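Colleague: I am new to this structure and would like a close look at a single part of it. Please pick a starting residue, work outwards from there, and explain each term when it comes up.

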Amino acid sequence: MDASKPLGGIQPRLFKRIATIILAFALSAGIIFGLFTYAPEKYLQHMSNAVGISFGTRPIPRCGDFAGSNEIWKESQTKYRNLRDDKFTIAMQTYRRPKELNDTLHALLSEKIPSLTEVVVVWNDVENAPPPNYQSKHGVPVRYRHSKENSLNQKLWPDPAYKTQAIFLSDDDIYYKPKDLEFVFQTWRKFGRRRMTGGFTRCADRDAEGGWKYTGCSTEEGQNYYNMILSGLAFTHISFMDYYSSQDEVPKKIRAYVDEHFNCEDIALNFITSLLSGEGPLLVKGKEPYVSFVPKNGISTKPGHGEARTKCVNDYYDMFKCMPLINETARVELGVLIS
């Protein structure tokens, strides 16, 4: 017998079968990639419905000497289970900036966003009444909620009238394009329900003295991670807002701190979310960059803003008795998942 020839043709058939499997796998992967790339909203929504992800109930993960109430957190997780999870609400805070507000509302409501159920404008001008509520040409109601006080905590209040588990926290001067916002929501449903999910990253890093410094996550310095997504452009689950607004001791101290300094509610929500979930945030980019106005009278343009934010990070670290923020490197872009 010639040992150099395959026995009974087994090897060619085996190679042919392997080649067929590889080709089928490649075609399947190409189809899935194409669906993600060219029809991300439909694909992600289908996958989310098929998976049927539930927010679930978990105790507070251990973080240093933090002593939060598991009972309060459990109640925050369970009380919103009957709200819709296939739609979302925009909570947009504003204070005496009619041009920015109108421009942002016009941009968001000029196109149909399939999963958007309501826009709630958190009107913090306590001295002047807001405009009347109205409905966009696509049937999305816009409700003006007149705050009892001009507080940054108002945007994070879990309004009992909310109909959805997903709340898109927004300022009046920054927004995703409508199609991108739908994509970000579907990404939140699949990957980010227990995370701050959005497009506006920031970092808290150790300084040379062992404290913490608030930074812009500079890639020029070789930084390839982030640990916060700011609430000017971010999805959150209403349960995190509920715990933030609860009577647990640390959230109570934080809300008082935010009112005293009129700053850093977004940093605080990141601390709370990462603490309660044990997960880092998630950066999501649409097809186009988000739009950001730079108002001359904004809080972030005031002198000493960076130093004030650094003080917030260190003060929160002292309140929590630990650093709950988690460094993350992954990001999701329209059509591409990178980690």
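Modeller: Let us start from threonine 201, which, once its neighbours within four places in sequence are left aside, is in contact (heavy atoms within 4.5 Å) with Cys217, Tyr226, Met228, Ile229 and Leu283. What you see is a predicted model, in which local features need pLDDT of at least 70 and side-chain atom pairs count only at pLDDT 80 or more, while totals for chains, interfaces and linings use all residues. Residues are numbered from 1 along each chain as its sequence is written, and side-chain values use heavy atoms, with hydrogens and water left out.

Threonine 201 belongs to strand 8, residues 201-206; strands (E, at least two residues) and helices (H or I, at least four) are DSSP runs numbered from the N terminus. Threonine 201 counts as buried because its relative accessible area is 17%, the limits being under 20% for buried, over 50% for exposed and partly exposed in between, with a 1.4 Å probe and protein chains only.

Met228, one of the contacts of threonine 201, is also touched by isoleucine 267, together with Tyr214, Arg309, Cys312, Val313 and Tyr316, not counting residues up to four places away in sequence. Isoleucine 267 lies in helix 8 and is buried, since its relative accessible area is 0%. Although isoleucine 267 and arginine 202 are 65 residues apart in sequence, their C-alpha atoms are 9.1 Å apart in space.

From here we can turn to the helices. Helix 8 packs against helix 9 (residues 305-320) at an angle of about 35°, with the axes 10 Å apart; axes are lines fitted to C-alpha atoms over the stretch in contact, and angles run from 0 to 180 degrees between N-to-C directions. Helix 8 contributes Glu265, Asp266, Ile267, Ala268, Phe271, Ile272 and Leu275 to this contact, and helix 9 contributes Arg309, Cys312, Val313, Tyr316, Tyr317 and Phe320.

Phenylalanine 320 of helix 9 is in contact with Cys63, Phe66, Val250, Ile254, Phe271, Ile272 and Leu275, leaving aside its neighbours within four places in sequence. Phe320 is also among the residues with the most contacts inside the largest nonpolar core, along with Phe88, Ile254 and Tyr316, and this core has 81 residues. Helix 8, residues 265-277, gives the most to this core, with seven residues. A nonpolar core is a set of buried Ala, Val, Leu, Ile, Met, Phe, Trp, Tyr and Cys residues joined through side-chain atoms within 4.5 Å.
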